[in-house]
Amino acid sequence: MEQNADVKESGSGYFRFIIQKGASQIALRRFSDWDAVGRAAATAAGLNVRKDTEFYDYIANITEKTLFDGMIMVTIILNALFMALETDYDMKYKLFGFFAIADEFFMAIYTMEFLMKVYVNPGVYWKNGYNVFDAIILVISFVPMFADGGDSSAMGTMRIVRAFRSLRVLKTVSFIRGLQALVVALFKTMKSVVYVLGLMFLLMFIFAIIGYYYFGDPNTGDPENWGDLGCALFTLFSLVTVDGWTDLQQNLDDLGMNSSRIFTIVFILIGYFIFFNMFIGVVIMEIQHATKRFENEVQSEREASLTQKKHAIIQRQKNEIRNLIQSQTGNFTKLVQQFNKSLRHTDYTVMEDLCTSMSFIDIYLTTLDHQDTTVNKLQQLYSEAVLILSDLLEEDLIEMEQKALRERKIKMRA
């Protein structure tokens, strides 16, 4: 108490004492998880506290950089290029060892990426479906390295497994958010697409039965295309995709079944122009919705980033003011002068007014565009009015001149 009293009597020291105590209390309340007391409380509560904080921060800083994602993207592109070159038998025979070393190099990079991301935040990593897909591709890619390919049947299996290496190209979806939005849209359309495909299958089943009984007779019909239910469904699939339907119809015409044209036209109208286009329309609508949602998310992230920058600037200015107050020993005028010296021309002007919001700026710019359009239309109207008035004035002048000329002639005759 005596020490506090001495501090209070010391003028500026008392002010500095209040700020220091208040700041310490705020720091203790807000950041207690990072001091000794907070760590003890977290340990008592059963929470995991990392002991390798420096190494963890180093790895997290690497994985969060754009350069890291760019390096993985370049690796995926080079890997796809090497897989394409490997399909050439002569080049693969000549550079077999080089391709093997390159594949191991790519696998090392993918494994390093996997381990680093799992180390930084394993819980969040496994909750992301794209990360799980990347891990599955990585496991499949490791199978040919540890499998024994001595048997001929095993060799065939290894070729199939090695073919799955092409799935590595799909890792690009994890790094491009636009592709992620499209993938999500395709998955969301599955429910509506299943309904449309179900109706189309019922339609094809009905027409397949009808086609079997009308055109599937072994003696007078076309048993090759309509001889059983499977052939009839495959033929109708060709009709619904409008692929080679003229050849199918020509076969029926050659057999003298001219009435089959009605069957073909009706099925194409219903199956292709209605159901098939309905299927495409459902997919396009969902992709449009997904694109709109993606744009809204990007806009929200931009606004959040601007808000974060604004709070950082305000916090920095508050800290500078606090430091000036703590170190101030003179009057208030010197305090303001020292604070002015700490301001930078590159600082943002942080305002809370309505006129600084993005919504107001958009509305204001739109209003200005409307005003410009209105002014242009008014100028056109004014110019047209001036032209009309000038024409009327010119007609009046001509009429007045003619009237004066007639009066002059009358006076001369008199």
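Colleague: How much of the chain over residues 168-187 is helix, how much is strand, and how far apart are the end C-alpha atoms?

Modeller: Bear in mind that this is a predicted model. Over residues 168-187 the chain is 55% helix and 0% strand, and the C-alpha atoms at the two ends are 20 Å apart.

Colleague: Which record marks out residues 168-187, and what other spans does that record cover?

Modeller: The name comes from an unreviewed UniProt entry, where the annotation "transmembrane region" covers residues 66-84, 96-116, 128-147, 168-187, 193-214 and 262-284. Take residues 96-116 from that list as another case: the span is 100% helix and 0% strand, and its end C-alpha atoms lie 30 Å apart.

Colleague: How many helices and strands are there in the protein as a whole?

Modeller: The protein has 18 helices and zero strands. Of its 414 residues, 22% are buried, and the accessible surface comes to about 30100 Å², with 64% of it belonging to carbon and sulfur atoms. When contacts between residues at least 6 apart in sequence are considered, 62% of them join residues at least 24 apart.

Colleague: Which residues make the nonpolar surface patch, and which helix gives the largest share of it?

Modeller: The patch, of about 1100 Å², is made by Leu199, Phe201, Leu202, Phe205, Ile206, Ile209, Ile210, Tyr212, Tyr213, Tyr214 and Leu229. Helix H12, which runs over residues 190-215, supplies the largest share, namely ten residues.

Colleague: Why does Ile210 count as partly exposed?

Modeller: The label depends on relative accessible area, where under 20% is buried, over 50% is exposed, and anything in between is partly exposed. Ile210, which lies in helix H12, has 34% relative accessibility and therefore counts as partly exposed.

Colleague: Is Ala232 buried or exposed, and which residues does Ala232 contact, leaving aside neighbours within four places in sequence?

Modeller: Ala232 has a relative accessible area of 0%, so this residue is buried; Ala232 sits in helix H14, residues 229-240. Once neighbours within four places in sequence are left aside, Ala232 is in contact with Ala208, Asn225 and Trp226. Distance along the chain and distance in space are separate readings, and for Ala232 and Gly211 they are 21 residues in sequence and 6.8 Å from C-alpha to C-alpha.

Colleague: Where is Thr264 found, and which residues does Thr264 touch, not counting residues up to four places away in sequence?

Modeller: Thr264 belongs to helix H16, which covers residues 260-327. With a relative accessible area of 5%, Thr264 is buried, and, if residues up to four places away in sequence are not counted, Thr264 touches Leu239, Trp245 and Gln249.

Notes: Residues are numbered from 1 along each chain as its sequence is written. This is a predicted model: local features need pLDDT of at least 70, side-chain atom pairs count only at pLDDT 80 or more; totals for chains, interfaces and linings use all residues. Side-chain values use heavy atoms; hydrogens and water are left out. Buried means under 20% relative accessible area, exposed over 50%, partly exposed in between (1.4 Å probe, protein chains only). Contact means heavy atoms within 4.5 Å. Accessible areas come from the Shrake-Rupley method with a 1.4 Å probe; for residues, only the protein chains shown count as cover. Patches are made of residues with over 30% relative accessible area and no salt bridge: like charges are joined within 9 Å, nonpolar side chains (Val, Leu, Ile, Met, Phe, Trp, Tyr) within 5 Å. A salt bridge is a side-chain nitrogen of Lys or Arg within 4 Å of a carboxyl oxygen of Asp or Glu. UniProt positions are given in the numbering used here, feature names are shortened, and annotations may be inferred rather than shown by experiment.
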